Structure formats: structure tokens, C-alpha cells
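Hi,

Here is the structure I said I would pass on. Have a look at it first, and then read my notes below.

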Amino acid sequence: MKNMIAPSILNADFANLKREVEAVENAGVDYLHLDVMDGEFAPSISFGDQVISALRSHSHLFFDVHLMIQHPERYISTFIAAGADSITVHVEGNAHLHRLIYQVKSANKQVAVALNPATPLEVIKHIIRDVDMVLLMSVNPGFGGQRFIPEVIPKIQELRDMIEKSHVEVNIEVDGGITPETAKQCLDAGANIFVVGSYIYKHRNDADKKHAIKTIRRAINHP
Ligand SMILES: O=C(CO)[C@H](O)[C@H](O)COP(=O)(O)O
Ligand SMILES: [Co+2]
């Protein structure tokens, strides 16, 4: 499966979001990772559908919307209308995960499930054939710029085995604390989509952001 970088705008300059997205789009990425947090599921509040909708008209990137909210079922159609190409819902606290997955699929959008660092893979065993992607959190949800939790590495390997045994094509996205070093470790374990937030957006200058993307790309394209 294709290896991809998905910049997260969580640590971007929110006063210049249009330009911040253009900077990574011009650097040749395919995905844009949009972290929606409600201050309940995750301990901070980020942005919602209006920001996504405003960016949609300025970007051709694949919008990978990561919902870290309570009651995601109430907002699926809102985020699809805002321009999401893929919706990721957390398994934690979702009693009707299967129904939620089919809510997204019935709108002909890609669907993913996310697992926090402490959540075992067992919970997705029976829905692995129904999703396009599994997002493994390598930090606890809430903030950009946190330290990578290395226990996710064996979890990625375990997930890759589960996917292979199920004979399906499912992307593995890793999210949190990604640098060239941690990206390479995750690649070797079996991940193929790499969310990168602060490693790119800690730079204010576009050339530096482009260089950061190039460095990650080199790490994931050269085994
Ligand atoms: O979901 C997230 C946090 O909950 C973010 O996508 C993630 O933290 C990206 O930022 P960074 O690369 O700085 O860790
Ligand atoms: Co995220």
C-alpha cells in the first residue's frame, strides 16, 4: 500500500490557516489530517466543521478528519457536508461502532477507527473487514507536540498480522509524536500513513516546512 504523509494542522498558525495548508499542499503531500476535539472526549477544544468547510474551497488535498468527540454519530453528516473525504471515529466509548462505520460508508466516504494507546486491538477484530483504515494513537489524544509512546510499535505489528490474516486491504495510520526516526520505526512495523503535526508546523517558514516533509518522506521511502 502507498506510504503517505498526512500533515496535522493542530500546531499550525490558526490566524493563517489557508496559507498553512497551501504550504504543505505545495510541498506535495496527499492528505491533510484535521483533528476535531470537543473538550470532553479530548481535554482540549480545537476546531469544528466551519473551519474544515472554509479550508475545503482552497484545497484539493484528501481531508482525513479525526473526530475526538463525544457522540460522533450526531456529527457524521455535518463533517461530510463540510468536506471530509474520510472520517475517523474512536472505538472508546462507542457502543454502536458497527452502526457508526456504516453511517459513514452509506455516504460513500472512507471510514477509519482509532484506538488510544491503552486500547487493545481485540475490540476491532470483528469490524476489521469493514474499514478502510485503522488509526493507532501514539500519544494520548488532546495536544500536538507530545512524545511518541514506543509501545505502539508492537501494536502496529500485531495489527498488520491481523489485517494479513483477514485478507483485506486496510491502511495503518500512526498519529502522534512522528519524527523521521519514529516514522521509520512505525514503517518497519507495518504502518503506511504517517500523521505529522509539530515536526512540520513548528517551522513558520514554508521552505523549512517543505524540508521537514522531505526528511520524513526520505525516512519512509528508503528502507
Ligand atoms: O490527534 C492528534 C492529537 O490528539 C494529532 O493528530 C497529533 O498529536 C499530531 O501532532 P504531533 O505530530 O505534533 O504529535
Ligand atoms: Co490526529
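**The annotated pair**

The unreviewed UniProt entry carries an "active site" annotation that covers Asp35 and Asp175. Those positions span 141 residues in sequence, but their C-alpha atoms are no more than 10.5 Å apart, so they gather at one spot. Bear in mind that this is a predicted model, and that the annotation may be inferred rather than shown by experiment.

On confidence: the mean pLDDT of the protein is 97, with 100% of its residues at 70 or more. The ipTM is 0.98 and the pTM is 0.98.

Where does Asp35 sit? Its place is in strand β2, which runs over residues 31–37. Is Asp35 buried or exposed? It has 25 other C-beta atoms within 10 Å, and 20 are enough for the label, so Asp35 is buried. Apart from neighbours within four places in sequence, Asp35 is in contact with Ser8, Leu10, Ser46, His66 and Met68.

Asp175 belongs to strand β7 (residues 171–175). This residue also counts as buried, because 26 C-beta neighbours lie inside 10 Å. Its contacts, again leaving aside residues within four places in sequence, are Leu135, Met137, Ser138 and Val195.

**Around ligand 1**

There are 22 residues around ligand 1, and those that come nearest are Ser8, Pro141, Gly144, Gly197 and Ser198. Ser8 is also on the contact list of Asp35. By class, the shell has 8 nonpolar, 12 polar and 2 charged residues. Which elements supply at least two residues of that shell each? They are β2, β3 (62–68), β8 (193–196) and α7 (198–201). β2 is the strand that holds Asp35.

**Helix α6**

In α6 (residues 180–189), Thr182, Ala183, Cys186 and Leu187 are buried. They cover an arc of only 140 degrees around the axis, so they are on the same side of α6. What do these buried residues pack against? The partners are α5, β7, β8 and α8 (206–221). Among them, β7 is the strand where Asp175 is found, and β8 is one of the contributors to the ligand 1 shell. After α6 comes Gly190, with a positive phi near 125 degrees.

**Backbone oddities in two loops**

Most residues other than glycine have a negative phi. Two residues to check against that are Asn108 and His167. Asn108 is not a glycine, yet its phi is positive, at about 60 degrees. It lies in the loop between α4 (97–105) and β5 (110–115). Asn108 has 7 other C-beta atoms within 10 Å, so it is exposed.

His167 has a positive phi near 55 degrees, and it is found in the loop between α5 (152–166) and β7. His167 counts as exposed because it has 7 C-beta neighbours inside 10 Å.

**One more loop residue**

Ser59 is in the loop between α2 (49–56) and β3. With 15 C-beta neighbours inside 10 Å, Ser59 counts as partly exposed. Ser59 and Glu25 are 34 residues apart along the chain, while their C-alpha atoms are separated by 7.7 Å. Not counting residues up to four places away in sequence, Ser59 touches Val21, Glu25 and Leu32.

Over to you!

Terms used. Residues are numbered from 1 along each chain as its sequence is written. Chains are lettered from A and ligands numbered from 1 in the order in which they are written. This is a predicted model: local features need pLDDT of at least 70, side-chain atom pairs count only at pLDDT 80 or more; totals for chains, interfaces and linings use all residues. Helices (H or I, at least four residues) and strands (E, at least two) are DSSP runs, numbered from the N terminus. A residue is buried if 20 or more other C-beta atoms lie within 10 Å of its own, exposed if 12 or fewer, and partly exposed in between; C-beta atoms are placed from the backbone. Two residues are in contact if their C-beta atoms, placed from the backbone, lie within 7 Å. A residue is near a molecule or strand if its C-beta atom, placed from the backbone, lies within 6 Å of it. Ala, Val, Leu, Ile, Met, Phe, Trp, Tyr, Cys and Pro count as nonpolar, Asp, Glu, Lys and Arg as charged, and the others, Gly among them, as polar. pLDDT is the predictor's confidence in each residue, from 0 to 100. The arc is that of the directions from the helix axis to the C-beta atoms.
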